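Dear colleague,

Please find below the structure that I am handing over to you. My notes on it follow.

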Amino acid sequence: MNPGELSVRGASPHTLAMQNFAVAQMFDDIADYLEIAGENSFKIRAYRRAAEAIAAYSEPIEDAAENGTLREIEGLGEATTAKVQEFLATGKVRYLERLREEYPHSLLELLKVPNLGPKKVAQLYRERNITSVEQLISAIEQGQLTGLSGFGPKTIENLRQSIERLAQMTTRLPIGEALQVAKNIVTALAATPAAERVEIAGSLRRGCDTVGNINLVTTGRNASALVQAFVKLPQVLSVLEQGEQKATVCVRPGIEVHLTCASPQNFGAVWFQATGSVEHLATARQKAESHGLRLQADGLYRGDKSLAAAEEKDIYAALELPYILPELRENRGEWEAAEAGALPPLVEVADIRGDLHTHSTWSDGSVTIRQMAQAMHERGYSYFAVTDHSKALAMTNGLNATRLRDQAKEIAEVQAEFPGLKILRGVECDILRDGTLDLDDEILHELDIVIGSVHSGFKFDEATQTARMIKAIEHPAVDIVAHPTGRILGGRPGYAVNVDALIEAAHDTHTALEINSSERLDLNDIHARTARDAGVLLSIDSDAHSPRMLPNVALGVLTARRAWCAKANILNTKTTDELLQWLHRPQAKK
DNA sequence: GCCGTTTTCGGCCCGACTGTTTTCAGTCG
C-alpha cells in the first residue's frame, strides 16, 4: 500500500483521525529509510519523535496546520512542519519520494523481521539484491547467504525462525488497532443515509486479543444502498465480494471487513451468528434443536416459520436462558453457568478507580508527573502510581535509589495540588537475570508500591525463567508482577515460562498479577481466568508513557471480562483506603 | 533534525547480548 494514498482518501470528514495516522506513518517511513541509508542517528530520532508527537496529538493535525500552530507541537521543527504541510496539501512529500526511488518500499517490511536491523537490510540489498521477505526466504533456502560477512550459520538459522514467527503474527490484527479501524468504518457507515444501525460483531466484539478480520452487521431500509455505501467508503482499498445483502472489502493489506445487512425483525439472530464463537454457536444450535427450533445464519426458525429475533436476548430467551455477554461466548462453561443462573457479573471500565503502572519523564515517559496527575484527575480516578523504570533499564534512564528519593519530593509537590487524587510512590523494578531485584530492599520498602518486571533474559529455558520470576514474586517488597509472559501483540511471543506456577506463587504470597493494557494484553484471557479461579488478584494497568495511553485500560478490562473477572477480582477497583490497606497486607512471603 | 541558548552550534539514549569475529558490529530493550 502506498501510504500517500491514505491521506488523499482520508479527506472525508469521518476519517480525520486517519490523517494523524498517515502523517505519523510518513515520518516513520522516512526514519526507516534513513536508517537503511545509515544516516545520523539523531536525525532519525528526530523523525521518530515527530511521528510520535503527531500520533499522540489529540486533535486533527490539519486543524493545527490551518491554525498555524504546528510549531507549537513539541518535536516538530522547521523541516518537519514543512513536510506536514506539503503532505496535507499534496498527499506526498518529495523528500520521501526521493528515498523511495533510491530504496524499494519492500525493504521496510524486511526491517520488521526480528534480528534484522537496518545495517543488515542494507547489506542484503547491496550485496545480494534482496528487497523483500520472500526473496530473503528463497535466498536462505538456496544457500545464497553463505559467504556474506556477518551471516554465519546461527544468524541464518535465527533469521529463518524469525521469519516463520513473523508470518504467524502478522496475519492477525491486535485488538487495539482493529477497534480503531472498525470504529472508523462504523462512524462513516452510520453517517450514510441508508444506515439505521451499525454494529461490530465477530471476534472483535467478543474482545479477543487479536482478530483475523472485522465483521459488521447493519440494518437499513435499503440493503443494496447500504452495501453500495460500504464499498465506496474512503477507507476501502479493494472490494473482494459484493452481493445484495453483504460485501467484503480490504481496508489494509490482509485485513478484510465483512458487512452483513439484516432486517430489523431478525437483526438479533444475524448479529448473534456473526458474533460467534464457532463453538458457542454449535452448542446454541444443539440447544435450539432440543427446543424444536432451528438456528440459521439468517434467523431463528420453528419448522419453516421464521421467529422474530430483533435482539440477541430473544435468541437466549427462546432457549429459556439468560442473555450471555459476547465476551463469555467461547464454550468455556458459559452455558452451564447460564443454566445454573450463575453467570458472573463482569468488571466494567467504570469500576476501575486508578492506574498502578505509569511512567513519567523521570524515565521513558513523555509527560511530567504533574501532567500525568492532571490526566488521571480528568479521568476521575481516585489514585495512580508513579512507577518509572529502575536503573538496569539504562536506555530508559531508569532510576536508582537517589533519584527515587529526589522523585519523592516532586511527587509530594504534585500531591499537594491534587488533594482528591492519591499519588503512590512506586517503581517498575527490573527482575534481574538471577531473580533478584534491581534495587536494594531499603529503598523498595520506602515506596508505596513495587512492580516487578522482566525486561531481559527472554531466551532462558522455561525452568530457569519460571524459577527466576518466582524468586521475584516471593520478594516481600513486590506487590504486582507486570506483563508476566512478556508477549507483545503483533510484535513477539512471550518467553518460555510456566504461568500456572507463577499463579500458584502469586497466590501463596498474596502478590497481584497484571493485565497489561498496552500493546501486550498480558496476562491473556486464558491465564487471567486461571489466576482468577485461583483467587489471585489482577491489576488492570495502562503502562502509560503518556496520557493518551490511559484509555487502553478498556482493552485490559475486555481481557478481564473474557477471563470471567468480576469487580472483586481486580485490585484497582478497590477504593483508595482499601488499596492502601491491601498494600500493607500481611504477606505470606518466605 | 530539534532544542536551547551563551542566537549559531553542540548535545541529543545506554549497556548487554549474540554471533561473528580475531577485536567488534549489529540488534534489542
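**Helix α10 and DNA strand B**

In α10, the buried residues (under 20% relative accessible area, 1.4 Å probe, protein chains only) are Ile156, Leu159, Ser162, Ile163, Leu166 and Met169. Because they cover an arc of only 145 degrees around the axis, they lie on the same side of α10; the arc is taken from the directions from the helix axis to the C-beta atoms. These buried residues pack against α9 (133-141), with contact meaning heavy atoms within 4.5 Å. Pro153, Lys154 and Gln168, which are exposed (over 50%), sit on the face turned away from the buried side.

The model is predicted, so local features need pLDDT of at least 70 and side-chain atom pairs pLDDT 80 or more, while totals for chains, interfaces and linings use all residues. Residues are numbered from 1 along each chain as its sequence is written, chains are lettered from A and ligands numbered from 1 in the order written, and side-chain values use heavy atoms, without hydrogens and water.

DNA strand B is surrounded by 32 residues (a heavy atom within 4 Å), and the closest are Gly75, Thr80, Asn115, Gly117 and Gly152. A backbone N or O atom of Pro153 is 3.2 Å from a phosphate oxygen of DNA strand B. For Arg45, a side-chain N or O atom lies 3.4 Å from a phosphate oxygen of the strand. Elements giving two or more residues to the surface near DNA strand B are α3 (41-56), α5 (78-90), α8 (118-128) and α10. The most come from α3, with 6 residues.

With kind regards

Terms used. Helices (H or I, at least four residues) and strands (E, at least two) are DSSP runs, numbered from the N terminus. A polar contact is a pair of N or O atoms within 3.5 Å; within protein, one must be able to donate a hydrogen and the other to accept it, and residues adjacent in sequence count only if both atoms are side-chain atoms.
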